[in-house]
Structures are given as structure tokens and as C-alpha cells.
Amino acid sequence: VLTDYTWLGAEHILSGPDHLLFVLALLLLIRKRTVLLWTISAFTLGHSITLVLAVLDVIAIPQAPVEVLIAASVVFLAAELVRSPHAPPSLTERRPWMVAAGFGLLHGLGFAGALTKIGVPKGEIPLALLSFNLGIEFGQLSFIALVLIAAGLWNRIGPRLQPEALGLRVRARTVAGYAIGSVAAYWLFERLNGVAGSAAFSGWTST
């Protein structure tokens, strides 16, 4: 159970581009390492809480609306990335850990939906939950490490290979924001369409 569910948790987050884009947007928004540490920890705490509560049936929320809101959370962070540097600091810039914790609660419901589909052995629920969550954290931290390593290499090598790389780096956050936002907006409308279609079909069959 420990091995299988740890692997399933890591596999789920590494194959979930919406969760990874959310984490990437956080990395692009936050410059200070200490603030980043607290923010990622808050996101972890948030999704761990709702993952446990949902799998234990303490809370029950339909998965389709949750997926819509997860896409919306990525759009929200993308919008933060493209804000003017001269604009007053937003709540995300002033209290990123608070925003991450709130959206973490939402993403945890998404993780719970995946674990519910997989199934949890009745006699090993605590161990399966712990293992799945550990797998998610391992996958998340692996992704963060790769992004930070790539950023560090670019900071060292980029300007030497291409003098204008310094200027490109300044614009990278805005370009990334539009790219992330475009993909997330597509997911948002696609999932909204799916929810609307399901509701229409349900109403038609009930009549």
C-alpha cells in the first residue's frame, strides 16, 4: 500500500498539468525563497486537509464543478502575473501564502476525486491516504526543484550566450502569464461546457 499509493500520488500530480501550472505560476510570482517556502507549505496544508476530509466522506462536493474552479484558480494566478509592475500590490503579492492555502483547499478536492476513482483499501485507509499525499508532495517538490534548477542555469548561462537575455528575462514573467492564462482559460471553458452539457442531459433524461 505504501509503495503503490505513493507512486499513484506522484503519478497523479505529474500527469496533472493544471496543478503543475498553478505551482509554476506561484514560482513565477514569488521571488524570495523564504516566502516561497511558506507559500508552498500553505498550499500543501490546504490540499492535504480537503483530500483527507473528502476521502473520509466528511465533505462531498461534485467533481465537475471542482475541476472548473481549479482551472479558474490557474487563470487567477495568470492574471496576477501580467499585472502592471506599477499597480498597487495585490493580496496575492502581499499574502501569497493565504491565497495558496485557499486554493490548496480546492485542489485537494481534485486530488480526492482521483483517489476516489482509484479506490482505497478499507483496512488501510490511513496508510493509503498518507502514502498518496506523500506521493503528491514528492511529485510537487520534484517539479519545483526542476524549475528552480532550470532558472538557476538560465541566470548563469543565458546572459553569456545572448546579451539581450537579461531583457528577455524581465519580460518572461508576462509572457509566461499569458501562456499559462490562455491554456487555463481553454480548460475553464471546456470544463464549463462539460458541466452545462451534463446538466442539460440530466434535465432531459429526467423529463
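Tutor: Accessible areas here come from the Shrake-Rupley method with a 1.4 Å probe. Keep in mind that this is a predicted model.

Student: What does the accessible surface of the protein chain come to?

Tutor: Carbon and sulfur atoms hold 70% of that surface. The total for the protein chain is about 11900 Å².

Student: How many helices and how many strands are there in the protein chain?

Tutor: Read along the sequence, the pattern is α-α-α-α-α-α-α-α. The count for the protein chain is zero strands and eight helices.

Student: What percentage of the residues of the protein chain count as buried?

Tutor: Buried means under 20% relative accessible area. The protein chain has 207 residues. The buried portion of them is 38%.

Student: Among contacts with a separation of 6 or more, what percentage comes from residues 24 or more positions apart?

Tutor: Take the contacts in the protein chain with a separation of 6 or more. Residues 24 or more positions apart account for 82%.

Student: How far does helix H1 reach from its first C-alpha to its last?

Tutor: H1 covers residues 2–14, which is 13 residues. At 1.5 Å a residue, 18 Å is expected. The reach in the model is close to that, at 18 Å.

Student: Which residues of H1 are buried, and why do they lie on the same side?

Tutor: The buried residues of H1 are Tyr5, Gly9, Ala10 and Ile13. They sit on the same side of H1 because they cover an arc around the axis of only 140°.

Student: Which exposed residues does the opposite face of H1 carry?

Tutor: Exposed means over 50% relative accessible area. Look at the face of H1 turned away from its buried side. The exposed residues there are Thr3 and Trp7.

Student: Is valine 1 buried, exposed or partly exposed?

Tutor: Valine 1 is in the segment before H1. Its relative accessible area is 36%. Buried needs under 20% and exposed over 50%. So valine 1 is partly exposed.

Student: Which helix gives the largest share of the nonpolar patch?

Tutor: The patch lies on the surface and is formed by Val1, Leu2, Leu127, Leu130 and Leu134. Together they have about 400 Å² of accessible area. Three residues of the patch come from one helix, H7 (residues 125–161).

Student: Is arginine 191 buried or exposed?

Tutor: Arginine 191 lies in helix H8, residues 165–206. Leaving out residues up to four places away in sequence, it touches Asp18, Glu67, Val68, Ile70 and Ala71. Its relative accessible area is 19%, and the cut-off is under 20%. So arginine 191 is buried.

Methods
Residues numbered from 1 in each chain as written. Predicted model: local features only at pLDDT ≥ 70, side-chain atom pairs only at ≥ 80, totals over all residues. Heavy atoms only, no water. Helix = DSSP H or I, 4+ residues; strand = E, 2+ residues; numbered from the N terminus. Expected span 1.5 Å × (residues − 1). Buried < 20%, exposed > 50% of the residue type's maximum accessible area, 1.4 Å probe, protein only. Arc of directions from axis to C-beta. Patch = residues over 30% accessible without salt bridge, like charges linked within 9 Å, V, L, I, M, F, W, Y side chains within 5 Å. Salt bridge = Lys/Arg side-chain N within 4 Å of Asp/Glu carboxyl O. Contact = heavy atoms within 4.5 Å.
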